[in-house]
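This report is written for someone meeting the structure for the first time. Please keep the sequence and the 3D view at hand while reading.

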Amino acid sequence: MKDFSIRQFAQACHATWYGPENLLDHKIQGVVIDSRQVKKDDLFVAVAGEHADGHRFIKDVYQKGALCALSQQKLADPAGPYLLVEDTLQALKDSAKAYRETFSIPVVGVTGSVGKTSTKEMIASVLSQKYCVLKTPGNFNNEIGLPLSIFMIDECHDAAVLEMGMNHFGEMHRLSKMAQPTHCVFTNIGVAHLEYLGSQDGILKAKMEMLDYAAPDAKIFINGDDKKLCCMKERASTFGLSDQNQIFADQIQNLGLDGIRCCIHMPGQEMTVKIPLPGTHMVYNAMAGTSVGLSLGLTAEQIHKGIEALKPLSGRSNILHTAHYTILDDCYNANPASMCAMLDVLQGTHARRVAILGDMGELGERSAQLHASVGEHLSTLSIELVITIGTLSEAIHQEAKKQAPKTECIHFPDQEHFLADCDNLLQEGDAVLVKASHYMKFEEIVKYLSEH
């Protein structure tokens, strides 16, 4: 963090201070909500969560060197100085907004139904060829993660790339108020979060809330091939596969698990790049990185280097070569579009192909139909074995059995039953895709396959 004192934090969130007056002007070194991560001179935010109440750990954080705590409970016997507020989460957001306003650097906000994290990683990889870049760590993209990401911006950073996710109306509005993006990237409008947003038009409306607190001269970048995002074409720069976009790509060559090669066309120039992660969808991420890179003054050579320097994240198009299998670890989250995209990647492998698929959440009333659409997509592929796990994914199983008769389909009610039979189902040298929504905890399957 740059210079930001307890006093500034307290003023931003209208907190009452309980502690020595001379401590108010001490600089906060970091803001954390996990007591296990507290370091010297950090400010600990006590959050009352579903599974644990952070107020229980306030006494512990002072022993680890915490400067002070933020509490929504008056402490009868405080072990150290603290700030008292009505709502610690709201106070965290208010103070993050104030901290963001101490910077004048470019802030790139990234949102969309599919590919937010991989697009964020691509843009950061590109911009890092010229700038010192702060990027959202992992998936810190909600009303808790985003302010924590903002507090990680330091004086050394020339730019920030912030992932912004939501599943309810008004949430992106609040994220925008904190981030105040100068560059806004919209990847696509899919069917994720239909449970809360009702329709793709609802999703579009909710995503566009990013613009509510964007800079007055903010630059907007959209996937010009997306039918819903096209309503923004008049005020946005576009990228896509159609040559009607300002940035477009062609000559796409699928290299299987080695990635994908394409030619990206920019105004007055073009470049052929090899994207090191698999899947045609990565071409869109590369074009988003190109668009933002050009707007921030990077050369084609720098952009080219940034695209080819992209590294995978755990659970995101991550290829693991284990003793017995090649694992396509894409288990962090899932919706129908991303699941079909990864099945297409699996199709491009040359080993026996196995898909381990689980439930996809927040799909609303059309959940069964949207799960079945994945089973229907399997009819266009040559996947030897499809294993589905969970209640909702049984719709994938049933549809695949009807539509893809040459594919062996097996369904398990839960992970425990699958793992008990796993060694009998997989073969040496298999290429195995593992994908489901995050709450299914399929990282445990990836861990098991990696260790056995």
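## A charge over a ring

Over the ring of which residue does the charged end of lysine 2 sit? It is the ring of phenylalanine 103, and the charged end of lysine 2 is 4.5 Å from the centre of that ring. The structure is a predicted model, and what follows should be read with that in mind. An arrangement of this kind is also found for lysine 205, whose charged end sits over the ring of phenylalanine 169 at 5.9 Å from the ring centre.

## Aromatic pairs

A pair of aromatic rings is described by the distance of the centres and the angle of the planes. When the whole structure is searched, seven aromatic pairs are found. One of them joins phenylalanine 4 and tyrosine 99, with 5.2 Å from centre to centre and 80° between the planes, an edge-to-face pair. This pair links distant parts of the chain, since phenylalanine 4 belongs to the segment before α1 (6-13) and tyrosine 99 to helix α3 (residues 88-100), with their positions 95 residues apart. Both phenylalanine 4 and tyrosine 99 are buried.

The rings of tyrosine 18 and tyrosine 82 form a pair that is stacked, because their centres are 5.0 Å apart and their planes stand at 10°. Tyrosine 18 is in strand β1 (residues 16-18) whereas tyrosine 82 is in strand β5 (residues 82-84), so this pair ties together parts that are 64 residues apart in sequence. The relative accessible area is 30% for tyrosine 18, which is partly exposed, and 2% for tyrosine 82, which is buried. Elsewhere, ring pairs link Phe4, Phe9, Tyr99, Phe103 and Phe151 into a cluster; phenylalanine 103 has been met above as the residue whose ring lies under the charged end of lysine 2.

## Positive phi in two loops

Most residues other than glycine have a negative phi. Aspartate 41 has a positive value, with phi near 70°, although this residue is not a glycine. Aspartate 41 is placed in the loop between β2 (30-32) and β3 (42-45).

Lysine 441, which is likewise not a glycine, has a positive phi of about 55°. The loop that holds lysine 441 runs between β20 (431-435) and α15 (443-451). With a relative accessible area of 46%, lysine 441 is partly exposed.

## Histidine 371 and its surroundings

Is histidine 371 buried or exposed? Histidine 371 is buried, its relative accessible area being 0%, and its place is in helix α12 (residues 367-377). Leaving aside residues up to four places away in sequence, histidine 371 touches Asp359, Met360, Leu363, Leu392, Ser393, Ala395 and Ile396. The side chain of histidine 371 also reaches the backbone oxygen of serine 367, at 2.8 Å. Between histidine 371 and glutamate 394, which are 23 residues apart in sequence, the C-alpha to C-alpha distance is 8.2 Å.

## Lysine 130 and its surroundings

Lysine 130 belongs to the loop between α4 (116-127) and β7 (133-135), and is partly exposed with a relative accessible area of 41%. Apart from residues up to four places away in sequence, lysine 130 touches Leu296, Gly297, Leu298 and Gln302. To one of these residues there is a polar link, in which the backbone oxygen of glycine 297 lies 3.2 Å from a polar atom of the side chain of lysine 130. Lysine 130 and cysteine 68 are 62 residues apart along the chain, and their C-alpha atoms are separated by 37 Å.

## A sheet of six strands

Six strands make up an open sheet with mixed pairing, in the order β15-β16-β20-β17-β18-β19. At its edges stand β15 (318-321) and β19 (408-412), and each has a single partner strand, so one side of each is left without a neighbour in the sheet. From one strand to the next, the twist averages 15°.

Within the sheet, strand β17 (residues 353-358) pairs with β20 in the parallel sense over five bridges, and valine 354 stands opposite valine 432 in β20. Helix α13 (residues 394-403) packs on the sheet, where it touches β17, β18 (385-389) and β19, and the direction of helix α13 makes about 160° with that of β19.

Technical notes: Residues are numbered from 1 along each chain as its sequence is written. Side-chain values use heavy atoms; hydrogens and water are left out. Rings of Phe, Tyr and Trp (its six-membered ring) pair if their centres lie within 6.5 Å; planes under 30 degrees apart count as stacked, over 60 as edge-to-face and the rest as tilted. Helices (H or I, at least four residues) and strands (E, at least two) are DSSP runs, numbered from the N terminus. Buried means under 20% relative accessible area, exposed over 50%, partly exposed in between (1.4 Å probe, protein chains only). A charge sits over a ring if NZ of Lys or CZ of Arg is within 6 Å of the ring centre and within 35 degrees of the ring normal. Contact means heavy atoms within 4.5 Å. A polar contact is a pair of N or O atoms within 3.5 Å; within protein, one must be able to donate a hydrogen and the other to accept it, and residues adjacent in sequence count only if both atoms are side-chain atoms. Two strands pair if DSSP finds at least two bridges between them. Axes are lines fitted to C-alpha atoms, for helices over the stretch in contact, and angles run from 0 to 180 degrees between N-to-C directions.
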